[in-house]
There are 4 protein chains.
Amino acid sequence: MTPETGAGSDARETARLEAFSDGVLSIAITLLVLELRVPRVATQADLGHRLLELWPSYAAYFTSFATIGVIWLNHHLLFRLIARVDATLLALNGLVLLTASVLPFPTALLAGYLGQPGEKLAAIVYSATFLAITIAFNLLWLYASSPSRRKPLLRHGPDHPAVREVHRRYRLGPASSLVALCVAPFSPPAMLAITFGLVVFFALPHPVHESAS
Amino acid sequence: MTPETGAGSDARETARLEAFSDGVLSIAITLLVLELRVPRVATQADLGHRLLELWPSYAAYFTSFATIGVIWLNHHLLFRLIARVDATLLALNGLVLLTASVLPFPTALLAGYLGQPGEKLAAIVYSATFLAITIAFNLLWLYASSPSRRKPLLRHGPDHPAVREVHRRYRLGPASSLVALCVAPFSPPAMLAITFGLVVFFALPHPVHESAS
Amino acid sequence: MTPETGAGSDARETARLEAFSDGVLSIAITLLVLELRVPRVATQADLGHRLLELWPSYAAYFTSFATIGVIWLNHHLLFRLIARVDATLLALNGLVLLTASVLPFPTALLAGYLGQPGEKLAAIVYSATFLAITIAFNLLWLYASSPSRRKPLLRHGPDHPAVREVHRRYRLGPASSLVALCVAPFSPPAMLAITFGLVVFFALPHPVHESAS
Amino acid sequence: MTPETGAGSDARETARLEAFSDGVLSIAITLLVLELRVPRVATQADLGHRLLELWPSYAAYFTSFATIGVIWLNHHLLFRLIARVDATLLALNGLVLLTASVLPFPTALLAGYLGQPGEKLAAIVYSATFLAITIAFNLLWLYASSPSRRKPLLRHGPDHPAVREVHRRYRLGPASSLVALCVAPFSPPAMLAITFGLVVFFALPHPVHESAS
C-alpha cells in the first residue's frame, strides 16, 4: 500500500507542503501593494496632500507585510519540528493558510476606518481574524504534537525543549487575541496595542531557530 | 539522444513540473482575496450592513480556497504515483491547471447571482467548470496509467492498491459533475449540494497518502 | 575566488534560476484570470448575453495560458541542456521573462479589438511581442551554445542531437514571427494563423524531453 | 535544544529562506503588468494615440522589472556567501523584501508625474525608496558579515575576495542613493541618471558569480 517508504518519502512530502505554503504566503504578503494606487491630481501641493491622505494604505501594507512575515516565520519553525504529514494535518495547514491569506482584507478595512464612524466594527473584524489565525495555528500544533499517536508526526518527544517552548508560546496566542477581540468594541487603539504586542512576541527568536545559529 | 539518464533525471523532471503546478495553484488559491474590497461608507450601521452584503464574496473566497486546496491535494497524490513525465502528460497537466485556475471566475459569478434572476445560468457555468476539472484530471490519470506503454509512467503496476483506489475514485468525478450540471438549470442548491459532496469526497484520506502516516 | 566549486554548486545555481523563472511564469500564466470580471446585470437573458460578449476575454485567457505554457515548456527543455549559468546568461534569461510576462497585455489588447477599427494596430503589437519573445529565446540559446567558450555552459557538445535539434527549431521562431508581423497590418487573421502554428510547433515533443520517456 | 544539527540543516534553512524570497520577488516583478490596461476607444488612429500615451506605464513596467531583477541577482549573490541564518537575519531579509516589493508603487508614481507639476515630489519618493532598499541590503550584509560572532554566518572569512568585493560594492549603494535623493527636488532627470547608473553598476558581473563560470 506504500508507494515509497521511509524517511526520504516523508521528507519529500513535508518539503512539498512547505513549498506550497510558502507560495501562498509569499503571494499574500505581496498582493497588498496593488492597493497602493497612484493618485491622479494636477499640482505639486495637491499631490503631496493626496499622498499623505494615503497613509492608512501604507500602514496597512506595512502591518500586513510584518504580520504575514511573522506567520511565515512561525510556520517555518513549526515545520522544522514536523517530520511527517497526514491528511488531517494537510487540512489544518490549509486552515492556517486560509486565515493568513485573508488578512489583507481586514487590515485594509481597519486602515480605512480608523478614526471614522465605523472604526469599532472594523476593529472587531480585524481582531477576529487574528483570533482565527491563532486558533488555526493551535489546532495544527495540537494535532501534530498529540501524544496518543502510534507513529508520531513530530521529530522529537513531548519533553524536547523546542516542543515545550512551542506549547508555552502557542497557549498565549488565542488568549491574547480573545482579549484583543473583547477590547475592540471599546477601544480600537488598545486592541491594536495588544495585537502588535502579539506579533512582536511571535517574532522573537525561538530555541528551534536559535539552535541553528 | 539522452542528456541525462536514469531515475535521477526522471525525478528532477517530475519535481520541476510539481513545483510549477504548485506555483500556479498557490496563486489561483490566493487571488480571490483581491475581490474582497473595503466598502466606502460613512456610518457604523452602514458599514455593518455593507459588510454583510458582501457575504457572497466571502463564500466565494472560502469555496474557491477549499476547492483549489482539494485540487492541490489530489494533484499532489497523483504525482506521488507518477514516476516519469512525457510531452503529452505535460500538456494534460496544463489542462488541469487551466481548468483549476479559471475556477475563481465561475465561483464569483455564482456567488454574485445566487438568489437572483441569473442564478440558473450561473449555476450551469459553475458546474460545467467542475465537469471540465474532473475530465481534465481523468485524462491525465488515464494517460498516465495506460497499460499499453513500453516503459510505464507510474511507479506501480495496475494492480497496486493505490493505483486501483485512484481508478475507483476518479470514475466518480465526471459522473457526479455531469449529474450536477444536469440538475443546475432546475435547482442551483441541489447542484451545489452534489458539488460540495464531491469536494468533500476528494478531500477524504487516500491510501496513497495514508501510506505515509 | 570561488565560494563553492564543482558541479554541485553549478547545479544549485541553475536550480535557483529555474525556480525563480518558474515563479515568474506561473504568475504570468495565472494573472489574466483577474481580467475575467463578473458582469453586473439584472435578468437571466441579459446575463447570458453579457457572458457571451466576454468571449474575447475568455479567448485571451486561454491563448495566454497556452502560449505561456509552451514558453515554460521550452524554458524547461533549454535548462535541461544548460549545465552552468553566468552573469550574461542571467541577464538574457531576464529578457526572456520580461517579454513573456508582458504577453497578457497585447493578448488582451488584440482580444478587445479583433473585428473592430483598431484591430490592425492591435495585431501589430501582438505579433511584435511574439517576435521579441522568439528573439530573446534565441539570444539566450546562442549565448549558451556559443562554441568559443573556454568552459562550456551546455551539458553537451555542439554535435549532440538534442543541441542540434534546438538549433534547428529556434531558427524558425524569429523568422516565422517576422513574417507574422509583416502580415499583421494586412490580415490579422493570417497573422494569428501563423502565430498559433508557431505555438503548436514549439509544443511538439522534443528529443531532449522524449529522451526521458 | 537542536532539532537537527550540522551543515545539512543550515543548508535547508537558507534554501527555504531563498525560496520564500524568490517567491516574493517573482510576484513583485510580475505584478506591474496588471497596471497595463487595454484602452477602450473606437478608431484606429485613437488607439495608436492612446497606446502612445501609455508610455509612462511601459517605462514603469520595464524599469521595475529591471530593478527588481537586479535586486534578485544581488540577493542571490549574497546568499551564495551566507551559510547560516538566524532570527535577526530573517528580520533583515524581511526588510529587504519589504522595500523591494513596494518599488512598483513609487515607480508608477514617478512614471505618472514625470514632466508634470508633481514630478519633483514623485522623484523624491522614488529616490527615497531606492535609499531604503540600499540601506536594507547594507544592514543585511553588515549583520551577516559582522566579525564579532562566535560562529560566523558567512561561508568565508573577512579577507576572502568575494566578501571584500561585496563590502566595496555595497558601500556605494546608500551613498549614491543619498546623492540621488538630494538631487531629486532640483532635477528629476539627474536623479534618474544616478539611479539607473546604480542599477547598471549592481548588474555588473561579480566575482562571487564569475567564480561559477
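This passage describes the fold of chain A and the contact between chains C and D in a predicted model.

Chain A is built from helices. It holds nine helices and zero strands. From the N terminus on, the order of elements is α-α-α-α-α-α-α-α-α. The C-alpha trace of chain A spans about 70 × 35 × 35 Å along its principal axes. Of the 213 residues in chain A, 49% are buried. Contacts in chain A often link distant parts of the sequence: among those between residues at least 6 apart, 78% join residues at least 24 apart.

Chains C and D touch. Chain D gives 39 residues to the contact, and chain C gives 35 residues. On chain D, five elements each supply at least two residues of the side that touches chain C: α1 (7-31), α2 (44-53), α3 (55-81), α7 (161-183) and α9 (207-210). That side of chain D comprises 22 nonpolar, twelve polar and five charged residues.

How are the two copies related in space? In general, a rotation about an axis and a shift along it relate two copies of a chain. Here, a rotation of 90° with 0.0 Å of shift along its axis superposes chain D on chain C, with an RMSD of 0.0 Å. This is the relation of a four-fold axis. The two copies use different surfaces in the contact, and 10% of the contact residues of chain D recur in chain C. Which residue of chain D comes closest to the rotation axis? Gly23(D) does, with its C-alpha at 4.5 Å.

Methods: Residues numbered from 1 in each chain as written. Chains lettered and ligands numbered in written order. Predicted model: local features only at pLDDT ≥ 70, side-chain atom pairs only at ≥ 80, totals over all residues. Contact = placed C-beta atoms within 7 Å. Helix = DSSP H or I, 4+ residues; strand = E, 2+ residues; numbered from the N terminus. Nonpolar A, V, L, I, M, F, W, Y, C, P; charged D, E, K, R; others polar. Buried ≥ 20, exposed ≤ 12 C-beta atoms within 10 Å, placed from the backbone. Least-squares fit on C-alpha atoms with pLDDT ≥ 70 in both.
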